[in-house]
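Colleague: Could we go through this model together? I would like to start with how open its residues are.

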Amino acid sequence: MVEFHYRWHPFYGGCFRQEGREDRASGAIVRVEVRPGEVIQVAEWMLDRALCAGMEMGEPRVAVTSLIELHRLLTERGFRQTSTDGLTAIQEPRHEGITTTRDIANADPATKHTVRYTADAGPERCGKERRCHQAGNLLMAAAGVAAKEASDDEQ
(Lines give C-alpha, C1' and ligand atoms only; values in the text may rest on other atoms or scores of the structure.)
Protein backbone atom coordinates (compact mmCIF):
# COMPACT_ATOMS: atom_id res chain seq x y z
CA MET A 1 0.00 0.00 0.00
CA VAL A 2 1.15 3.53 -0.76
CA GLU A 3 -0.14 6.85 0.56
CA PHE A 4 -0.19 10.13 -1.35
CA HIS A 5 1.65 12.76 0.69
CA TYR A 6 1.84 15.50 -1.96
CA ARG A 7 -0.81 17.98 -0.78
CA TRP A 8 -1.81 19.20 -4.22
CA HIS A 9 -2.51 15.77 -5.71
CA PRO A 10 -6.21 14.89 -6.09
CA PHE A 11 -5.64 11.65 -4.13
CA TYR A 12 -3.79 13.35 -1.24
CA GLY A 13 -4.14 11.37 1.99
CA GLY A 14 -5.49 8.29 0.24
CA CYS A 15 -3.95 4.82 0.55
CA PHE A 16 -3.88 2.67 -2.57
CA ARG A 17 -2.37 -0.54 -3.87
CA GLN A 18 0.97 -0.24 -5.67
CA GLU A 19 0.99 -2.06 -9.02
CA GLY A 20 4.60 -1.52 -9.97
CA ARG A 21 7.60 0.78 -10.06
CA GLU A 22 9.87 1.93 -12.87
CA ASP A 23 13.17 3.80 -12.72
CA ARG A 24 13.51 6.52 -15.35
CA ALA A 25 16.09 9.17 -16.11
CA SER A 26 13.78 11.82 -14.65
CA GLY A 27 13.09 9.80 -11.48
CA ALA A 28 11.12 6.78 -10.35
CA ILE A 29 7.51 6.32 -11.44
CA VAL A 30 5.05 4.28 -9.39
CA ARG A 31 1.92 2.68 -10.84
CA VAL A 32 -0.98 2.92 -8.38
CA GLU A 33 -4.45 1.38 -8.63
CA VAL A 34 -6.77 4.21 -7.57
CA ARG A 35 -10.01 2.37 -8.43
CA PRO A 36 -10.59 -1.24 -9.42
CA GLY A 37 -9.03 -1.58 -12.86
CA GLU A 38 -7.82 2.06 -13.01
CA VAL A 39 -4.06 2.43 -12.68
CA ILE A 40 -2.29 5.79 -12.78
CA GLN A 41 1.39 6.66 -12.77
CA VAL A 42 2.84 9.14 -10.30
CA ALA A 43 6.29 10.38 -9.50
CA GLU A 44 7.59 8.41 -6.52
CA TRP A 45 8.45 11.58 -4.61
CA MET A 46 4.70 12.34 -4.26
CA LEU A 47 4.50 9.29 -1.99
CA ASP A 48 7.44 10.36 0.21
CA ARG A 49 6.18 11.60 3.60
CA ALA A 50 9.45 13.32 4.61
CA LEU A 51 9.92 15.13 1.31
CA CYS A 52 6.32 16.37 1.10
CA ALA A 53 6.13 17.37 4.78
CA GLY A 54 8.29 20.43 4.09
CA MET A 55 5.99 21.72 1.35
CA GLU A 56 3.72 24.50 2.51
CA MET A 57 1.20 26.75 0.84
CA GLY A 58 2.87 30.09 0.31
CA GLU A 59 2.03 33.43 -1.15
CA PRO A 60 1.17 33.38 -4.86
CA ARG A 61 4.26 33.86 -7.01
CA VAL A 62 2.43 34.72 -10.21
CA ALA A 63 -0.55 36.93 -11.01
CA VAL A 64 -3.67 35.44 -12.57
CA THR A 65 -3.44 38.02 -15.35
CA SER A 66 0.04 36.70 -16.17
CA LEU A 67 -1.31 33.16 -16.38
CA ILE A 68 -4.06 34.30 -18.70
CA GLU A 69 -1.48 36.06 -20.86
CA LEU A 70 0.65 32.89 -20.91
CA HIS A 71 -2.39 30.88 -21.99
CA ARG A 72 -3.07 33.41 -24.76
CA LEU A 73 0.56 33.28 -25.92
CA LEU A 74 0.64 29.47 -25.95
CA THR A 75 -2.63 29.38 -27.89
CA GLU A 76 -1.35 32.01 -30.34
CA ARG A 77 1.84 30.02 -30.97
CA GLY A 78 -0.12 26.81 -31.58
CA PHE A 79 0.80 25.03 -28.36
CA ARG A 80 -2.81 24.97 -27.11
CA GLN A 81 -5.65 23.84 -29.31
CA THR A 82 -9.04 24.06 -27.65
CA SER A 83 -12.46 23.11 -28.88
CA THR A 84 -15.60 25.18 -28.31
CA ASP A 85 -16.37 23.26 -25.11
CA GLY A 86 -12.96 24.10 -23.64
CA LEU A 87 -11.52 20.61 -23.96
CA THR A 88 -8.04 20.33 -25.40
CA ALA A 89 -7.98 18.69 -28.83
CA ILE A 90 -4.72 17.25 -30.13
CA GLN A 91 -4.03 15.94 -33.62
CA GLU A 92 -2.87 12.35 -33.15
CA PRO A 93 0.38 11.55 -34.96
CA ARG A 94 0.23 9.13 -37.87
CA HIS A 95 1.56 5.67 -37.18
CA GLU A 96 3.92 3.76 -39.45
CA GLY A 97 1.84 1.07 -41.12
CA ILE A 98 -1.04 -0.93 -39.74
CA THR A 99 -0.63 -4.02 -37.59
CA THR A 100 -2.88 -6.92 -38.57
CA THR A 101 -3.81 -10.03 -36.65
CA ARG A 102 -1.59 -11.98 -39.06
CA ASP A 103 1.39 -9.81 -38.01
CA ILE A 104 0.64 -10.52 -34.35
CA ALA A 105 0.18 -14.26 -34.91
CA ASN A 106 3.58 -14.48 -36.63
CA ALA A 107 5.34 -12.25 -34.08
CA ASP A 108 7.91 -13.39 -31.55
CA PRO A 109 5.96 -14.69 -28.49
CA ALA A 110 7.86 -12.29 -26.24
CA THR A 111 6.36 -9.31 -28.07
CA LYS A 112 2.77 -10.54 -28.35
CA HIS A 113 1.67 -9.26 -24.96
CA THR A 114 3.82 -6.21 -24.34
CA VAL A 115 2.34 -3.33 -22.39
CA ARG A 116 3.61 0.19 -22.77
CA TYR A 117 3.28 2.74 -20.01
CA THR A 118 3.47 6.41 -20.92
CA ALA A 119 4.72 9.20 -18.69
CA ASP A 120 1.22 10.56 -18.40
CA ALA A 121 -2.25 9.54 -19.36
CA GLY A 122 -2.76 12.56 -21.62
CA PRO A 123 -2.51 12.81 -25.37
CA GLU A 124 0.82 12.08 -27.02
CA ARG A 125 3.03 15.13 -27.37
CA CYS A 126 6.67 15.53 -28.16
CA GLY A 127 9.50 17.61 -26.81
CA LYS A 128 8.99 21.35 -26.50
CA GLU A 129 5.25 21.27 -27.22
CA ARG A 130 4.68 18.76 -24.42
CA ARG A 131 6.73 20.74 -21.90
CA CYS A 132 4.95 24.01 -22.81
CA HIS A 133 1.53 22.35 -22.54
CA GLN A 134 2.35 20.84 -19.14
CA ALA A 135 3.82 24.12 -17.86
CA GLY A 136 0.78 26.08 -19.01
CA ASN A 137 -1.63 23.63 -17.38
CA LEU A 138 0.33 23.67 -14.12
CA LEU A 139 0.39 27.45 -14.01
CA MET A 140 -3.31 27.73 -14.82
CA ALA A 141 -4.14 25.14 -12.15
CA ALA A 142 -1.91 26.88 -9.59
CA ALA A 143 -3.83 30.09 -10.15
CA GLY A 144 -7.17 28.32 -9.93
CA VAL A 145 -8.09 29.41 -13.45
CA ALA A 146 -9.71 26.84 -15.70
CA ALA A 147 -8.68 26.88 -19.36
CA LYS A 148 -12.29 27.70 -20.32
CA GLU A 149 -12.27 30.81 -18.09
CA ALA A 150 -9.05 32.01 -19.70
CA SER A 151 -10.40 31.49 -23.22
CA ASP A 152 -13.61 33.33 -22.27
CA ASP A 153 -11.53 36.29 -21.06
CA GLU A 154 -9.71 36.42 -24.39
CA GLN A 155 -12.90 36.94 -26.38
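Modeller: Happily! Buried means under 20% relative accessible area, exposed over 50%, and partly exposed in between (1.4 Å probe, protein chains only). This is a predicted model, where local features need pLDDT of at least 70, side-chain atom pairs count only at pLDDT 80 or more, and totals for chains, interfaces and linings use all residues. Residues are numbered from 1 along each chain as its sequence is written, and side-chain values use heavy atoms, leaving out hydrogens and water.

Colleague: Is glycine 27 buried, exposed or partly exposed?

Modeller: Glycine 27 sits in the loop between β2 (15-22) and β3 (29-35); strands are DSSP runs of E, at least two residues, numbered from the N terminus. Its relative accessible area is 27%, so glycine 27 is partly exposed.

Colleague: How many disulfides does the count come to?

Modeller: A disulfide is a pair of cysteine sulfur atoms within 2.5 Å. Cysteine 15 is partly exposed at 47% relative accessible area, while cysteine 52 is buried at 3%. By the sulfur rule, the count of disulfides is zero.

Colleague: Which residue in β4 stands opposite valine 30?

Modeller: Strands pair if DSSP finds at least two bridges between them. β3 and β4 (residues 38-43) run antiparallel, joined by six bridges. Opposite valine 30 in β4 stands valine 42.

Colleague: Which strand gives the largest share of the largest nonpolar core?

Modeller: A nonpolar core is a set of buried Ala, Val, Leu, Ile, Met, Phe, Trp, Tyr and Cys residues joined through side-chain atoms within 4.5 Å. The largest one has 12 residues, including Val30, Val42 and Cys52. Its largest share, three residues, comes from β3.

Conventions:
Helix = DSSP H or I, 4+ residues; strand = E, 2+ residues; numbered from the N terminus.
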